[in-house]
Amino acid sequence: MTAVRSPSPQPAASGAEPTRVDVVIVGGGFGGMYAVYKFRELGMSLQAFEAGGDLGGVWYWNRYPGARVDLPSIDYSYSFSREIEQEWTWSEQFAAQPELLRYIDFVATRLDLRRHYRFNTRINQAVWDEARQLWQVTTESGEVYEAPYCIMATGPLSVPKKPEIDGLERFQGRLLHAARWPHEPVDFTGKRVGVIGTGSTGIQIVQEVGRQAGELFVFQRTPSFTMPMRNVPLEPAYMAEVKRHYAGIREVARNSPIGGARPQSTRAFFTVTPAQRQELLEDAWKHGGLAMLGTFGDLMINEEANEHVAEFVRGKIDDVVQDPDTARRLKPQGYPIFARRPCLDTGYYETFNLPNVHLMDCLTDPIVEATEKGLRTASGETELDILILATGYDGLTGALLAFDVQGRDGQTVQDKWKDGPRSHLGIMLAGFPNLFMTTGPNGPAALANIIRMSENDVDWIAQAILHLRANGLGSIEPSIDTEDRWMDLVHALAKPSLINKAKTWWVGANVEGKPRGLTQFVGGFMKYREHCAAAAANGYAGHVLQPAREQVREKAA
Ligand code: NA7
């Protein structure tokens, strides 16, 4: 693993000449970090930007108590470097946020990635200059960078959703957003704490803060299905074994629907007897993690089968939660299990047996407004010292739509996506030459291991750019026809999926005014990889490739 040392460009001061590089990379999460490494190894000059103060993306921001990855750490880690795989040792099956940040720091330090970044720097605008075949990228403070290639590694979960709760500015206690958590520890001892939101984030917070706070009020609108994580420490002998077999583990991950190993079956639910089903579900429950999702092959298309599994989980809530009324309110109803992101917990339902933890059912008693002292619901005011918003993200499209991105003829992404996101593979957009996304909104980003996807996408982008440079080409973009065909496939696969039956960020239902619909590729990560490979075959047939204009060729020479 040798780093090719290319000089880091100095920023052009406002009003000064633009700084010219080969590649601009926006984002310092897993996708951006790998892109920086990859393009540096290819000998290209680059400049990367990150709005946060350091690398880590969502793991930099989400420092709330209990933050933890819900895929096994061994899968949720880079595979591109054998050295990193061998040198890094995970301590838990599902790593907590501090360990993930340590891993990110280890990778960044080992590969000397930080010197390519400008931190605390937001990009405002990216404009394609057709005559010069390059992107002009402008920072918030007006510095301009120019590059033939621009990579938006901005992630599917980087823009916190604005809560639609009136009066939050009036609240005199401490207001915290899970996705903008302070770097110093927050002391909940003896405090009256409110949490709004019971998705993956809210569940992780509740199970942790419920054991610390004086009183915890959980404002739940839609209950989620959550299953036991059954996290365990990874013993040295086990990790040694993993390190010996990483190549095989990666192979399994790359050829699996979610980009990671988990039990899975093609067996249809009603092909086995009720007793066998019960046994399989019990086994999966005991196994923990996402095993339940893999018990049967038809859970996301057969509503009746899905309902049986949902009822099994509801039964588990009854087994744990002592107060029957609380148990009833915690039970998700009216949408299929796994149609919202399945959550993994460690004692979440048990938390509601603690005398200081109160479930506030916003379905029957909706939040009206925040007040100086706390939160007012239809039935009255709850006084709080700390209010935590675990209200989610403007997912998948929010990050790119936050920029002013202008493609050919001044077309904006806002205009292109006014009826919902459209792209080819979630990587490229017709009309936006040489603009690349990693883990974009029409790939499997929300449904698969984001690190496997980031590696796949960055490798695809690198291959495309190398193809341009090797063939005297100045730009690449999918043809409208290619983009249309990809979107037709995405929609056709999504149509029978039960995911459409829940109101979630996966279908854009959590943000007011956002176009609704499942725009994710639900065909599985392994199939997605096949489509990516096919798109690159035959000299990128299906793409519009423009010859390089003179000055671009000179620069590349
Ligand atoms: P999610 O899964 O979008 O959950 C957000 C939660 O916040 C959800 O329970 C929402 O209820 C609730 N919410 C949002 N706005 C409100 C208002 N105004 N009032 C009451 N409740 C509200 O976000 P997470 O951060 O938990 O998880 C995001 C992803 O991170 C997750 O899918 C994993 O991939 C990791 P609602 O469902 O809208 O009724």
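These questions and answers look at sheets, cysteines, a ligand site and single residues in a predicted model.

Q: What makes S15, S16 and S17 one sheet, and in which sense do they pair?
A: The three strands form an open sheet in the order S15-S16-S17, and the pairing is antiparallel. Take S16 (residues 374–377) and S17: they share four bridges. Two strands pair if there are at least two bridges between them. Four bridges meet that rule, so S16 and S17 count as paired. One of the bridges joins Thr377 to Gly380 in S17.

Q: Why are strand S15 and strand S17 said to stand at the edges?
A: Strand S15 (367–370) and strand S17 (380–383) each have a single partner strand. One side of each is therefore left without a neighbour in the sheet. On average, neighbouring strands here are turned by 25° against each other, direction ignored.

Q: Why is Thr377 called buried?
A: Thr377 has a relative accessibility of 3%. Buried means under 20%. The value falls under that cut-off, so Thr377 counts as buried. Thr377 belongs to strand S16.

Q: How do you know that the side chains of Thr377 and Asp365 make a polar contact?
A: The contact between these two side chains is 3.0 Å. The cut-off for a pair of N or O atoms is 3.5 Å. The distance is within it, so the pair counts as a polar contact.

Q: What makes the sheet with S9 and S14 a parallel one, and in what order do its strands run?
A: Five strands form this open sheet in the order S9-S18-S10-S11-S14, with parallel pairing. Strand S10 (residues 192–196) and strand S18 (residues 386–389) pair in the parallel sense over four bridges. At least two are needed, so this pair qualifies. In one of the bridges, Gly194 has Leu387 in S18 as its partner.

Q: What makes strand S9 and strand S14 edge strands?
A: Strand S9 (174–177) and strand S14 (357–361) each pair on one side only. Neighbouring strands of this sheet are turned by 20° against each other on average, direction ignored.

Q: How do you know that Cys362 is in no disulfide?
A: The count of disulfides is zero. For Cys362, the nearest cysteine sulfur is that of Cys343, 16 Å away. A disulfide needs two cysteine sulfur atoms within 2.5 Å, so this pair does not qualify.

Q: What rules out a disulfide for Cys532?
A: Its nearest cysteine sulfur, that of Cys150, is 19 Å away. The limit is 2.5 Å, so Cys532 is in no disulfide.

Q: Why do Cys362 and Cys532 count as buried or exposed?
A: Cys362 has 7% relative accessibility, and Cys532 has 2%. Buried means under 20%. Cys362 therefore counts as buried, and so does Cys532.

Q: What surrounds the ligand?
A: 19 residues do; the closest are Glu164, Thr201, Arg221, Thr222 and Trp505. A polar side-chain atom of Glu164 lies 2.8 Å from a ligand nitrogen atom. For Thr201, a polar side-chain atom is 2.6 Å from a ligand oxygen atom. Ala390 uses a backbone N or O atom, 3.3 Å from an oxygen atom of the ligand. Alone, the ligand exposes 780 Å², and the protein buries 88% of that.

Q: Why is Arg469 called partly exposed?
A: Its relative accessible area is 33%. Buried means under 20% and exposed over 50%. The value lies in between, so Arg469 is partly exposed. Arg469 sits in helix H14 (residues 450–470). Its C-alpha atom is 8.8 Å from that of Ala548, 79 residues apart along the chain.

Technical notes
Residues are numbered from 1 along each chain as its sequence is written. This is a predicted model: local features need pLDDT of at least 70, side-chain atom pairs count only at pLDDT 80 or more; totals for chains, interfaces and linings use all residues. Side-chain values use heavy atoms; hydrogens and water are left out. Axes are lines fitted to C-alpha atoms, for helices over the stretch in contact, and angles run from 0 to 180 degrees between N-to-C directions. Buried means under 20% relative accessible area, exposed over 50%, partly exposed in between (1.4 Å probe, protein chains only). A residue is near a molecule or strand if one of its heavy atoms lies within 4 Å of it. A polar contact is a pair of N or O atoms within 3.5 Å; within protein, one must be able to donate a hydrogen and the other to accept it, and residues adjacent in sequence count only if both atoms are side-chain atoms. Accessible areas come from the Shrake-Rupley method with a 1.4 Å probe; for residues, only the protein chains shown count as cover.
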